[in-house]
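Here is a walk through one protein chain, strand by strand and pocket by pocket. Keep the 3D view open as you read.

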Amino acid sequence: MAPSHEALRLSRCGGVVARHLEDVFHLPAMSASVCKARRRVLTLLSEWGVDERCRADAELVVSELFTNAVRHTDSVKVTCEIRLTGQRLRLEVTDQGCAETEPRARFSGIDEEGGRGLMLVGALAEEWGVRPDETGRGQVVWACLRRSGRTAAH
């Protein structure tokens, strides 16, 4: 894996200094990239001292969002942004567009293989949503997770 492109930023919000850890990466819109995205997220969150439970939840969320971007759009690349601010972890996956519908959670039949991903995201995340990307063609699907406050053992 390439060295982390971690960014540390300090910003003022209402007179309070907040510490932000961020990373953005792009991968080809291929099934093999889902595993690479999961691995990168797990590595970064471990480096940042994020607890094991939050890392596991983030791994599943990124996997589902990245898989949807690969399967349901005509994207050439998929972008993933990770931002940690205090106890809040925000994950964003951006595709390049042409999905038939906006991503939404749905109930799947017992015999269906897929279709439960966004229900899982909804169960794990404090909140999640979809917005247009900056080009207006693609979509950003985002989810926010809460850290437990404990740091992982190194």
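## Strands, a hairpin or two, and a pocket

Let's start in the sheet: arginine 90 has cysteine 144 in E6 as its bridge partner. Bear in mind that this is a predicted model.

Cysteine 144 is a good residue to click on. It sits in strand E6, and how buried or exposed is cysteine 144? Its relative accessibility is 0%, so cysteine 144 counts as buried, the cut-off being under 20%. Setting aside neighbours within four places in sequence, cysteine 144 is in contact with Arg88, Leu89, Arg90, Ala125, Glu126 and Glu127. One of these, alanine 125, is 19 residues away in sequence, with 5.5 Å between the two C-alpha atoms.

Now zoom out to the strand itself. E6 covers residues 139-146, and 7 of its 8 residues are buried. E4 is mostly covered too, with 6 of its 7 residues buried. Those two strands run antiparallel and are joined by 7 bridges. Besides the pair we began with, arginine 88 stands opposite arginine 146 in E6.

E6 also pairs with strand E5 (residues 127-132): these run antiparallel, with 6 bridges between them. Look for tryptophan 128, which stands opposite alanine 143 in E6. E5 and E6 make a hairpin with 6 residues between the strands, and in that turn glycine 136 has a positive phi of about 85°.

E4, for its part, is joined to E3 by 7 bridges, again antiparallel. What sits between the strands in the hairpin of E3 and E4? There are 2 residues between them, and glycine 86 takes a positive phi near 60°. Threonine 85 is the bridge partner of arginine 88 in E4, while threonine 79 stands opposite threonine 94 in E4.

Here are the three strand pairings together:

| Strand pair | Bridges | Direction |
|---|---|---|
| E3 and E4 | 7 bridges | antiparallel |
| E4 and E6 | 7 bridges | antiparallel |
| E5 and E6 | 6 bridges | antiparallel |

Threonine 94 deserves a closer look. This residue lies in strand E4, which spans residues 88-94. Is threonine 94 buried or exposed? At 18% relative accessibility threonine 94 counts as buried, because the limit is under 20%. Leaving out residues up to four places away in sequence, threonine 94 touches Lys77, Val78, Thr79, Asp133, Gln139 and Val140.

Threonine 94 also takes us to the second largest pocket. That pocket has 14 lining residues, and Thr79, Thr94, Asp133, Glu134 and Val140 are the ones nearest its centre. Strand E3 (77-85) and E4 are the elements that give two or more residues to this lining. Which element supplies the largest share of the lining? That is E3, with 3 residues. About 260 Å³ of space lies in the second largest pocket. If you care about chemistry, the lining breaks down by class into 1 nonpolar, 5 polar and 8 charged residues.

Next, a helix residue. Alanine 69 is in helix H2, residues 52-72. With a relative accessible area of 5%, alanine 69 is buried. Apart from residues up to four places away in sequence, alanine 69 touches Ser75, Val78, Val93 and Asp95. Val78 turns up in the contacts of threonine 94 as well. Glycine 138 is 69 residues from alanine 69 in sequence, yet their C-alpha atoms are 9.7 Å apart in space.

Finally, the whole chain. What order do the elements of the protein chain run in from the N terminus? They go β-β-α-α-β-β-α-β-β, which matches the tally of 3 helices and 6 strands. Of the 154 residues, 42% count as buried. Take the contacts with a separation of 6 or more: residues 24 or more positions apart account for 59% of them. The protein chain exposes about 9000 Å², and carbon and sulfur atoms supply 51% of that area.

To retrace the route in your viewer, begin at cysteine 144 in strand E6, cross to E4 by way of arginine 90, and follow E4 to threonine 94. From threonine 94, step across to threonine 79, which stands opposite. Thr79 and Thr94 are both among the residues nearest the centre of the second largest pocket.

Notes:
Residues are numbered from 1 along each chain as its sequence is written. This is a predicted model: local features need pLDDT of at least 70, side-chain atom pairs count only at pLDDT 80 or more; totals for chains, interfaces and linings use all residues. Side-chain values use heavy atoms; hydrogens and water are left out. Helices (H or I, at least four residues) and strands (E, at least two) are DSSP runs, numbered from the N terminus. Buried means under 20% relative accessible area, exposed over 50%, partly exposed in between (1.4 Å probe, protein chains only). Contact means heavy atoms within 4.5 Å. Two strands pair if DSSP finds at least two bridges between them. On a 1 Å grid over the protein atoms alone, a cavity is a set of points where a 1.4 Å probe fits but cannot get out, and a pocket is an open set with protein on both sides within 12 Å along at least five of seven lines; lining residues have an atom within 4 Å of a point. Grid points are joined across faces, edges and corners, and a volume is the space filled by probe spheres set on the points. Ala, Val, Leu, Ile, Met, Phe, Trp, Tyr, Cys and Pro count as nonpolar, Asp, Glu, Lys and Arg as charged, and the others, Gly among them, as polar. Accessible areas come from the Shrake-Rupley method with a 1.4 Å probe; for residues, only the protein chains shown count as cover.
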